[in-house]
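Here are my notes on this entry, as numbered points. Please read them beside the coordinates.

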Amino acid sequence: MKQNEMDKAGDAASEVLCVRVAQLRKQHKMTLDQLAATSGVSRSMLSQIERGQANPTLAVTFRIAQAFGISIGELVDVPGNNPSIEVVHGDDPKNLFRSDDDCHIRTLSPMHMEKNVEFYELRLGPNASLASAPHFEGTRELLTITQGNAQVTSGEDVCKLTTGDSAHYRADMDHIISNTGKKPLVAYLVVTYKA
């Protein structure tokens, strides 16, 4: 690629970036100060980017994308150019969050969605538990049992679940999912964050 073609490509990417940052910031109802606090990028730099007066480094672009919960590619890509279907492959080792004798957790949602919602397949061996420290304030979990028996503890509250049951509970306090049966527990776990 010739230098003038590279310059034009860089200018086009910069134009897309300035429009996308402003657009996403408005969609998320964020001020420049809020985006600066979330991304770690200065307010003045963000303002320059939105006005097309700055050419941010890859690290700055990455931090901005992370603040919106998307990838760099999604940040600089024109909306509508991304495929309408995104596949999370079951045999992809990157989607395995934890795997040992007692607990197997597999991510079912695309990684870039983690700031909004997380979706997991959870398998616990007999008498095994998954204890979690408090997540961010306002975080909630929805657990649906597809096989076995479970006990969910959230703070001081406790409930028993069996196949087909679901529990929606606070996850911004200590919480535990326990297999209370003699067979493996299989469940689906959705984690949501307060906007």
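1. Disulfides. The structure holds 0 disulfides. Two cysteines deserve a look in this context. Cys-18 is buried, at a relative accessible area of 13%. Cys-159 counts as partly exposed, at 28% relative accessibility. The cut-off for buried is under 20%, so Cys-18, at 13%, falls on the buried side. Cys-159, at 28%, does not, because buried requires under 20%.

2. Confidence. This is a predicted model. The protein chain averages a pLDDT of 85. Of the residues, 87% score at least 70. Residues 3–10 need caution in reading: pLDDT stays under 50 there. For that stretch the model has 1 contact beyond four places in sequence.

3. Overall make-up. The protein chain has 195 residues, and 36% of them count as buried. It contains 5 helices and 10 strands. Take the contacts between residues at least 6 apart in sequence: 59% join residues at least 24 apart. The accessible surface comes to about 11,800 Å². Carbon and sulfur atoms account for 53% of that surface.

4. Helix H2. This helix covers residues 32–39. Which of its residues are buried? They are Leu-32, Leu-35, Ala-36 and Ser-39. Viewed down the axis of H2, these buried residues fall within an arc of 105°, so they line one face of the helix. Gly-40 follows H2, and its phi is positive, near 80°.

5. The S1–S2 hairpin. Strand S1 spans residues 96–99 and strand S2 spans residues 103–107. The two pair in the antiparallel sense, over 3 bridges. They form a hairpin, with 3 residues between the strands. As for the register, Leu-96 has Arg-106 in S2 as its bridge partner.

6. Ala-171. Where does Ala-171 lie? It sits in the loop between strand S8 (166–170) and strand S9 (175–179). Is this loop residue, Ala-171, buried or exposed? Ala-171 is buried, with 0% relative accessibility. Leaving aside residues up to four places away in sequence, Ala-171 touches Ala-133, Pro-134, His-135, Thr-139, Arg-140 and Glu-141. Val-191 is 20 residues from Ala-171 along the chain, and their C-alpha atoms are separated by 8.3 Å.

7. Points to carry forward. Treat residues 3–10 with care, since their pLDDT stays under 50. When inspecting H2, start from the face lined by its buried residues. For the loop between S8 and S9, start from Ala-171.

Key:
Residues numbered from 1 in each chain as written. Predicted model: local features only at pLDDT ≥ 70, side-chain atom pairs only at ≥ 80, totals over all residues. Heavy atoms only, no water. Helix = DSSP H or I, 4+ residues; strand = E, 2+ residues; numbered from the N terminus. Buried < 20%, exposed > 50% of the residue type's maximum accessible area, 1.4 Å probe, protein only. Contact = heavy atoms within 4.5 Å. Areas by Shrake-Rupley, 256 points an atom, 1.4 Å probe, with all protein chains shown as cover. Disulfide = S-S within 2.5 Å. pLDDT = per-residue confidence, 0-100. Arc of directions from axis to C-beta. Pairing = 2+ DSSP bridges.
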